[in-house]
Structure formats: C-alpha cells, structure tokens
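Could you walk me through this structure as if I were seeing it for the very first time? A friendly tour in plain paragraphs would be welcome.

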Amino acid sequence: MIEQTPWFVLSCSILATFFWRALGVAVASRIDPNGPIFQWFSCVAYAMLAGLITRILLLPVGTLEQTSTVDRVAAMIIGFAVFIIFKRNVVAATVTAFLVFLTLAALRQASVF
Amino acid sequence: MIDLKPASSDSEPPVKNGKAFISGLIAALTMPFWMVFASMTGFGSMVRTAGLNLDIGIGSTIGIWGLPGQVAMLELFAIGAPLLAIITASSMANLRFMPMSVVMMPMFRGDRRAHRWRYVMGQVMSINIWTVAMSRCPEMPLMERFPFYMGVSLACMTGGVLGVTAGFVLAGTMPLYVTLSLVFLNPAYFVFVFSSVRARNCIIAVIIGAITGPLIHQIAPNWGVPITGLVAGTAAFFLDRLIRRRGND
C-alpha cells in the first residue's frame, strides 16, 4: 500500500491533468485548422465550457452550494440587463452581477430575508 | 526589455517581444487576473478548512491549474478516498483542457518558439487565459501572439498564487458573504464572456451547451461536462453545417 501523502496525491493529479493538456497539444499539431474536425473540436470546447458554467451557477457543488439559487439567478439577470444596455460590456455586467450578489448575500446573512 | 525568446537563429524580422508580453500582462490585469485571484481565494480557504497546508494549495493551483479539478482532488482527499478515485475525478473534471488546447494551439502555428514551448503553453493554459487568447490573438501579428500569451499566463498564475494565499491566510476572518461573492465572480464573468462569442458555430454550441449542461449533470454528475461537450458540441456542429447549407441554396 502506497502511503497517500498530500504531495504524492497532488503529483498524480497534476500528471493526470497534464495528460489532457498534452493530448490536446499533440492532436492540435495534426489537425487542419480550416477543416471540419477542427470545427467540431471548437464546438465541443465551447459547449463543454458553457455547460460547465451554467452547471456551476445553477447546480453548484462546493462553496457556492451554501448560496441561494434565487440570489445567483437574480444577480445574473440584472447583470445580463446591464450587458445588453451597455452594448455587451463584459466588465460592467460582471461588476453589476457581483455587486447584486454581494448585496443579496449580505442581506441574507444579516437575516433581512 | 523582457525577452522570452530562447537563444535561437530564427531569421524572422525583429518582433516586439517585450511590448507584446507587456500587453499580455495588461490584458490580464483588466479582468482575468482579478477573476483568478477571486476564485482562488475560495479555494485557499477550502484548503485551510480541509486541514492541509498552504504549499499544497499553491502547488495544486500551479500544477493542476483548473479549479474544478483542484476542488475534486481536495474534497476526495479530505474524505480519504482511494488514490485512483482522486486521480480519476480530478483528471475528469479538467478533461476540457483537451479540446481547449486543440482549438487554441493552431493560432500559434508558424512560430517556432511556440512550437518549442507547446507543452509548457498547454500546461499554463486555463479557461481565463484561453478566453483572452481566443478573443485577442487572431487580430495580432503571428509573432506577437506567443509573448502575449505568456504575459497573460504569467499574470493569471500570479493572481492564482496570490489568491490562494490570501484565501488561506484570511480563511474564517472574512465575512462568509464576501467569500461566497468572490467565488461567484468568475462563473458570472464567463457567462458574459461566452455571450460575446462571434462565430456562429460557437454561439450555437454555447447555447445548446448552456441548456443541456445542468440537465446532463443530473443524470451523470461525474461525466456531465465531457458528455455535454460531446453531445451539445456535435449537435451544434451539425446544426451550423445545416444552416450554412441552407444559406447557400
């Protein structure tokens, strides 16, 4: 039985993560960036990331699990309104969503509602 | 001047490496640096709560360099899960790096430095760095992309290390709502980043992925992200081709 020191476990996890990175790099050099396979990879990458982000916001695991779904969704809706009003300004939308969420979370912690 | 270029006899015209590197640092400081910093503060306090030391927090931030995989490793290690389960879960949680690097690396094709450093580039890539590279590099001269990318990456990794350290040191002293809001910041940012993509196939992929992601997660929590990518990505790919074909008629 191998002793599971934190650094040993971490080293294994780093290598296991690097496997995907290296595989991607190796595949990238054998692929035509104008061809359909590249287009497909592009769709897969964007779909994966979009799916991950909505999953984190709607069905969080870990730290965000302690927050209210109503707060998260409300902050995103108001942020999105700013995003559209300010002509797709990512910074303004992000800061707004953050501040709305911060306010709601603070009020909740103070038992205002 | 900062010159990342290793000694070589490349005969390309002189490139403003330092300038491109610094514009990478600046690009990171406008948003991504702070996003990484904020989300890693959450991870830093998790490390402390799990009873681990800061060196593991920093090591996993630099080494794994992808929050879902870091969280998976930490949570499973804390409950004493078997080694294989920890490695599988943390690796699966970061499987997205595979298609991400496939899509990103061809932008650097033709730059011999980028070719030489390609596995380093793959290691330092994160979702924050990837989105900056994907939106900024195509408009840039080829030879400026590599130093720009390295600038963004260095700034973001610094942000990650500072964030995990701050979170570890401040764990328990910050009000809970502040910690929660900091963790909320980065996913919120990505919603707007991905709402800004321009290519039609990417827009379709983002929409289908965003809708199906949480649904597929409920069916297969551990494999949700890769399955979403395959299913929604493939659907988007064919839908895009269908629309293109219709448009040509």
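B:Thr61 has a relative accessible area of 0%, so this residue counts as buried. The model here is a predicted one, and B:Thr61 makes a good place to start looking around. Its home is helix α3 of chain B, which covers residues 54-63. Which residues surround B:Thr61, once neighbours within four places in sequence are set aside? The contacts are B:Met40, B:Phe43, B:Gln70, B:Gly160, B:Val161 and B:Val164.

Let us turn to another helix of chain B. Helix α2 of chain B runs over residues 32-49 and has 18 residues. From its first C-alpha to its last it reaches 26 Å, close to the 26 Å expected at 1.5 Å a residue. Most of α2(B) is covered, with 14 of its 18 residues buried. Just after α2(B) comes B:Gly51, which takes a positive phi of about 80 degrees.

Now for the charged pairs. How many salt bridges does a search of the whole structure find over all chains? There are four. One of them joins the side chains of A:Arg108 and A:Asp71, at 2.7 Å from N to O. Because A:Arg108 belongs to helix α4 of chain A and A:Asp71 to helix α3 of chain A, this pair ties together parts that are 37 residues apart in sequence. The two partners are covered to their own degrees: A:Arg108 has 32% relative accessibility and so counts as partly exposed, while A:Asp71, with a relative accessible area of 3%, is buried.

Chain B has salt bridges too. The side chains of B:Asp111 and B:Arg113 meet in one, at 2.9 Å from N to O, and both B:Asp111 and B:Arg113 are buried. In another, B:Asp240 pairs with B:Arg200, and their closest N and O atoms are 2.8 Å apart. Here B:Asp240 sits in helix α13 (residues 224-248) of chain B and B:Arg200 in helix α12 (residues 200-219) of chain B, so the bridge ties together parts that are 40 residues apart in sequence. B:Asp240 is buried, at 4% relative accessibility, whereas B:Arg200 is partly exposed, with a relative accessible area of 36%. The story goes one step further, since salt bridges that share partners join B:Arg200, B:Asp240 and B:Arg244 into one network.

Next, look at where the two chains meet. Chain A brings 71 residues to the contact, and chain B brings 87 residues. The area buried between chain A and chain B comes to about 7300 Å², and carbon and sulfur atoms give 79% of it. On the side of chain A, the trio A:Trp20, A:Arg21 and A:Tyr46 supplies 11% of the area that chain A buries against chain B, more than any other three residues. Which elements of chain A give two or more residues to the side that touches chain B? They are α1 (6-28), α2 (36-58), α3 (69-85) and α4 (90-109) of chain A. The largest share comes from α2(A), with 22 residues. By type, the residues on this side of chain A divide into 50 nonpolar, 17 polar and four charged.

What kinds of polar links cross between the chains? The count of salt bridges between chain A and chain B is zero. Polar contacts do appear, however: across the interface of chain A and chain B there are 17 residue pairs in polar contact, with both residues at pLDDT 80 or more.

The helix α2(A) deserves a second look. It has 23 residues and reaches 32 Å from its first C-alpha to its last, close to the 33 Å expected at 1.5 Å a residue. Much like a helix we met earlier, α2(A) is mostly covered, and 17 of its 23 residues are buried.

To finish, here is a single residue of chain A that touches chain B. A:Phe98 is found in helix α4 of chain A. Is A:Phe98 buried or exposed? At 17% relative accessibility, under the 20% cut-off, A:Phe98 counts as buried. Apart from neighbours within four places in sequence, A:Phe98 is in contact with B:Ser181, B:Leu182, B:Phe184 and B:Leu185. Within chain A, the C-alpha atoms of A:Phe98 and A:Ala75 are separated by 7.1 Å, although these residues are 23 residues apart along the chain.

Methods: Residues numbered from 1 in each chain as written. Chains lettered and ligands numbered in written order. Predicted model: local features only at pLDDT ≥ 70, side-chain atom pairs only at ≥ 80, totals over all residues. Heavy atoms only, no water. Contact = heavy atoms within 4.5 Å. Buried area = accessible area lost by both parts, 1.4 Å probe. Polar contact = N/O pair within 3.5 Å; in protein donor to acceptor, adjacent residues only side chain to side chain. Helix = DSSP H or I, 4+ residues; strand = E, 2+ residues; numbered from the N terminus. Nonpolar A, V, L, I, M, F, W, Y, C, P; charged D, E, K, R; others polar. Expected span 1.5 Å × (residues − 1). Buried < 20%, exposed > 50% of the residue type's maximum accessible area, 1.4 Å probe, protein only.
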